[in-house]
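Trainee: I am new to this structure and would love a close look at one single part of it. Could you pick a spot and walk me through what surrounds it?

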Amino acid sequence: MTIDKKYLFVKYINIFITVADAKSMKVAAKQLGVTPSAVTQNIRQLETLIDCTLFDRQERPLTLTRKGKAFYQQAVDFIININNRMEDLISTIKQDNGCIKLRLLDSLTPIIFPISEKLTDEFDCLSFSTGLSLSGAIALRNYEIDVDININEHYTNDDSIFTLPLMKEHFLIATSKDYQGENKTLEQIANELTFIGYSDNSHIRNQVNKYLKHNNVNINPHCNYDTNGLLFKYMTRGHCWCITTPLCLFEHLDLAHNFSFYPLNHWPPSRTIGVHVRKQESHHVAHVIKRIVTEELKERVYPTLHQTIPWLNEQYFMIID
């Protein structure tokens, strides 16, 4: 059905419901502000379109046929649904102040100010927010934000989301600075130091648990934290270790001098981060944001991390062009 026919169909349905309720073409015409002949013509066009006689024209007052009665209820539900969708659309437009709502993973908080200056050259209005990865994915699906820079795993097999990959980073070990862990196995580190973990509902915690289980390493976390800041500040007490990511460390580089860092062996866990938008929306915005964030990752984030962790290479911290 073409757009013109769809428009006419909605028009016919409204006229049909008015006639059915009024039980008279003449009364319906008066209510609609048109001539009786126009109402009669539209009803005949609707009946032709659906190949069905809707009214028994021999009866007075005008009555619906058996098929007309069945069609009437479907027509009423159809119009109610259209009205509800229209109200939702109007409400959405009224609430939209024209700003692009961009949400970043907590670990990317340090790049907000560098990229915001470049992004405001591209867009008239931007608003930024950060938070846990899962809440960002929920916000994008609920139309609370427009763009989510987040872990790709939260959008696996979601056909409603368009994704541009940004980077892939592998997890690493962080220990107290005075601990000599170069030649230690994961099990030795776990036995000799206190493990500090991320909260149970975090993506990192789930990945770490799978990795430790796969390597038959048992841990009993002394404390669990839902933010990098709290975790790393506790780590400064000494005699601790954790499994984290380079970006998580980048968020708190001021504390990095308190720690030593070691790569994880035997297929270390990783996470891929991308720019996510709803399909059919903001593709141009996603490409612009990816370009600007990629530049920041290449020019500042990776060089800074490599200076802090000399063994960190572009395979362990992979930026995706």
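Mentor: Happy to! Let us begin with a pair of residues: L172 has P263, in β11, as its bridge partner. Please keep in mind that this is a predicted model.

That pair belongs to a wider match between strands, since β7 and β11 run antiparallel and are joined by 5 bridges. On to another neighbour of β7: 4 bridges link β7 with β10, and these two strands are antiparallel as well. One pairing to look for here is A174 with C242, the latter in β10.

How many of the 5 residues of β7 are buried? The count is 5 of the 5, so β7 is largely enclosed by the rest of the structure. To be called buried, a residue must have under 20% relative accessible area.

Now turn to a helix that meets these strands. The buried residues of α9 pack against β7 (172-176), β10 (240-244) and β11 (259-263), and also against β8 (194-198), β9 (223-225) and α10 (246-250). Helix α9 covers residues 228-235, and 6 of its 8 residues are buried, so this helix too is largely enclosed by the rest of the structure. The buried ones are N228, G229, L231, F232, Y234 and M235.

For contrast, look at N216, in the loop between α8 (203-214) and β9. N216 is exposed, because its relative accessible area of 63% is over the 50% cut-off. Its backbone is worth a glance too: N216 is not a glycine, yet its phi is positive, at about 55 degrees. As background, most residues other than glycine have a negative phi, and most peptide bonds are trans.

Two further places fit with that background. Y143, in the loop between α6 (133-141) and β5 (147-151), has a positive phi near 65 degrees and is not a glycine. Y143 counts as exposed, with 57% relative accessibility. The other place is the peptide bond from R60 to P61, which is cis, with omega near 0 degrees. You will find P61 in the loop between β1 (55-56) and β2 (63-64).

Finally, here is the wider map. The chain is divided into domain 1 (3-92), domain 2 (97-168 + 272-290) and domain 3 (172-268). Between the C-alpha centres of domain 1 and domain 3 there is a distance of 67 Å.

Notes: Residues numbered from 1 in each chain as written. Predicted model: local features only at pLDDT ≥ 70, side-chain atom pairs only at ≥ 80, totals over all residues. Heavy atoms only, no water. Domains from an automatic or database assignment. Buried < 20%, exposed > 50% of the residue type's maximum accessible area, 1.4 Å probe, protein only. Contact = heavy atoms within 4.5 Å. Pairing = 2+ DSSP bridges.
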